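Grab a pencil and work through these exercises with the model open beside you. Try each task before you read its solution.

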Amino acid sequence: MKINYLHLIAGLLICMLLVAGCTNQTTKTPPASNGTVILTYTKGTGPMPTLLGTDQIDGYIAWQPFVEVAPLAKIGRVLVYSGDMPPEGHWKNHPCCVFTATSDAIANRPDITNALTAALVLSTRYLEEHPAESAEIVADWLAGKGNFTYGDISVSSVDVLSSAFPTVRFINEPTDDWKRSNLEFVYAQRELGVLTGSLANSSDAQTISLLFDSSPYDAAAAMIGAGRIATPAPAKDPIGIGYLMSDHDAALFVAVKNWQYFNDTYGICIKPRDTSVSRPDIADLVVNGQKVAELRLISGDAGPQLMQLMATGNIQYALVGNPPAIAAADKGTPVKIIMALNVEGSGVVVSDSSPATDWPSFVAWAKERSDAGKPVKIAAPGKGSIQDVLMRYSLETSGLSVMEG
Amino acid sequence: MRYQRLLLPVLLLVVWEIAAFAVNNPFIIPSLTTVVPILIHPFSSSYTLGTGSLVWNAAISIQRVGLGFLIATVVAIPLGILMGRFQALNDAFDSLIELLRPIPPLAWVPLALAWFKIGLTSIVFIIFIGAFFPILLNTIDGVKAVKKTWLEVAMTLGAGERQILLKVLLPGAAPTIWTGLRVGFGIAWMCVVAAEWLPGISQGLGYLILYAYNFGQTNLIIAGMVVIGLIGLAIDLVFKSVERKWFSWRDLER
């Protein structure tokens, strides 16, 4: 009998596709325990509302403003904000986004690093004192003050940001407590096998020493306290600052958009070259009326991407979540965390059809669904992200096991 | 007959809208009523999350793709002619080209950033990668497909290498090279999303789509896709019309 090899290969491929299509991690019966929740990673928060709207997930954990989007766009409700996740009090003021710089920038451009840090500290203070105005500025930066459309519902970006702002705490001071609280994410990343370099086996003291350099913050705080920002020597080359399209990086947006106020009040500002656009990408660092550096404002899709840009010399500063900074430092990227940008600012959303109204009822629902062989599926932005760590920790301390799928 | 070409696209729109009504879940199939307002305001930036108007973003993308395509053309056509004409050169380059050709342009993004840094050069490099190989391979094929009798006649009549190139090889291979340019531009245009995914980019249709994706804005994503499709269609029509005008002699060939 003649064998037609092409048909044989095609047949094998079809069989493989069918097997692949029928095999799905998520359909496996979860291991016997108090219950299992499936965590699925969506590589960012963008797809989450759609996944929830099409019943592919039962909920998600995300950073703001995606938490607030759910109730406003009528696709889900907020179950719990990150600071209130279990165990009780454990995640109060949990670290989130941080301001980082390359070791080279701190060592060789100390005055500019101190001035930039001061600009962000002053902006953070403004954020806390003027939340409504700041929310509007951030809505302009993120969405040109336009509408977000989910399904057939459009919601004002200003409304979304105004709702989100009270759930984010904007602070800067890198206190010892705050530094230690970052260690939770180091431990979590070790467990996930993400840390394989210098932080894989380091002691807490070594980790803190490797991750943080708060000297620019101390210098900035001293200058602000004295009421006079020192004018740095002008930088010859443009300086890259990476940031994420999140309200957590509001300090940068407000510093740029409200440059006139900061210039007039404190003598330091990040002045955009083009004031007519929603998101300026070139600005000047101006101190005491003198332009000291051209700043390239580089937006990234995610923290790891910005850390990659830092490692390749494309940017010298970045506003990112602390897990990417930790992972980058572990792999040898010469990056240091200077200060906090915000704490808390994430939350868990569940579908409107879910019976869960708070964390205990969520746990009961998850156990019930797990027993019925259809575990609750929650989306998280990425493995090892702040939200992933928060969700895993809270589920496990509530007696639920986690399965990826 | 001309309007017959519009039948299927119009039918697709009708089916889409009926499906949107039947499914009744705008996350699965959004109604065109959420997309149309964006498309009918191509000069307004009020519908694009502050990323500038559709027309502005389209112009930026066309400029980037045009530059990448131009550089790919300038490099690929001479190399393709040489490889098609001289077997030794073909043997030297062939395996390297076949090794690099299957690598998707997106895979080059990290290296592009490391080598060319943030900015236009990285974007143009990604587009160049997309356009280069189809142009090169079609040029090689076109040159190799030039009839030996034509070359022999030219040589018999005393034509030198330069004359053979300009009077025989190039005109003979031109239709295939043109097809390569057409395919190359199509792929270059497809690469615009990958190229504008690079960090530090804040304009362009690819950026617009990815920015909308980061905020889950399906209607804006669809609007961006429609504009990319329409521009691709328009440019392809230009290529086809030139093909009909300049290379119709190929149909007469026996």
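**Exercise 1: a sheet in chain A**

In strand 16 of chain A, A:Ala379 is the bridge partner of A:Thr40. Keep in mind that you're looking at a predicted model.

Task: Find how strand 1 of chain A is joined to strand 16, then trace the open sheet and its edge strands.

Solution:
- Step 1. Strand 1 (residues 36-41) and strand 16 (residues 376-380) of chain A run parallel, with five bridges between them.
- Step 2. Now widen the view: six strands of chain A make an open sheet in the order 3-15-2-16-1-17, with mixed pairing.
- Step 3. Strand 3 (77-81) and strand 17 (401-404) of chain A are the edge strands, as each pairs on one side only.
- Step 4. From one strand to the next, the twist averages 30 degrees.
- Step 5. Look for helix 16 (residues 386-397) of chain A: it lies across strands 1, 2, 15, 16 and 17, and runs at about 130 degrees to strand 2.

**Exercise 2: unusual backbone spots**

Task: Locate the cis peptide bond that joins A:Gln64 and A:Pro65, and the one that joins A:Pro86 and A:Pro87. Then look at phi of A:Lys145 and of B:Asn24.

Solution:
- Step 1. Start with the general rule: most peptide bonds are trans, and most residues other than glycine have a negative phi.
- Step 2. Between A:Gln64 and A:Pro65 the bond is cis, with omega about 10 degrees. A:Pro65 sits in the loop between strand 2 and helix 3 (66-72) of chain A.
- Step 3. The bond between A:Pro86 and A:Pro87 is cis too, with omega about -5 degrees. You'll find A:Pro87 in the loop between strand 3 and strand 4 (97-102) of chain A.
- Step 4. A:Lys145 has a positive phi, near 60 degrees, and belongs to the loop between helix 6 and strand 5 of chain A. Is A:Lys145 buried or partly exposed? Buried needs 20 or more C-beta neighbours within 10 Å; A:Lys145 has 19, so it counts as partly exposed.
- Step 5. For B:Asn24, phi is positive as well, near 55 degrees. B:Asn24 lies in the loop between helix 1 (4-23) and helix 2 (36-39) of chain B. With 11 other C-beta atoms within 10 Å, B:Asn24 is exposed.

**Exercise 3: an enclosed helix in chain B**

Task: Explain why helix 10 of chain B is described as largely enclosed.

Solution:
- Step 1. Count: nine of the 10 residues of helix 10 (residues 205-214) are buried, so the rest of the structure largely encloses this helix. Among the buried ones are B:Tyr207, B:Leu208 and B:Ile209.
- Step 2. Check the neighbours: those buried residues pack against helix 3 (54-85), helix 9 (192-195) and helix 11 (218-246) of chain B.
- Step 3. See what comes next: B:Gly216 follows helix 10 of chain B and has a positive phi, near 65 degrees.

**Exercise 4: where the chains touch, and the core**

Task: Describe the contact between chains A and B, then the largest nonpolar core.

Solution:
- Step 1. In this contact, 30 residues of chain A meet 26 residues of chain B.
- Step 2. On the chain A side, helix 2 of chain A gives the largest share, four residues. That side splits into nine nonpolar, 16 polar and five charged residues.
- Step 3. The largest nonpolar core has 191 residues, and B:Ile126 is one of those with the most contacts inside it. Its largest share, 15 residues, comes from helix 6 (residues 120-144) of chain B.
- Step 4. Zoom in on B:Ile126: among the residues it touches are B:Pro105, B:Trp108 and B:Cys191.

Conventions:
Residues numbered from 1 in each chain as written. Chains lettered and ligands numbered in written order. Predicted model: local features only at pLDDT ≥ 70, side-chain atom pairs only at ≥ 80, totals over all residues. Buried ≥ 20, exposed ≤ 12 C-beta atoms within 10 Å, placed from the backbone. Helix = DSSP H or I, 4+ residues; strand = E, 2+ residues; numbered from the N terminus. Contact = placed C-beta atoms within 7 Å. Nonpolar A, V, L, I, M, F, W, Y, C, P; charged D, E, K, R; others polar. Core = buried A, V, L, I, M, F, W, Y, C linked by C-beta atoms within 7 Å. Pairing = 2+ DSSP bridges. Axes fitted to C-alpha atoms, helices over the stretch in contact; angles between N-to-C directions. Lists of a residue's contacts leave out its neighbours within four places in sequence.
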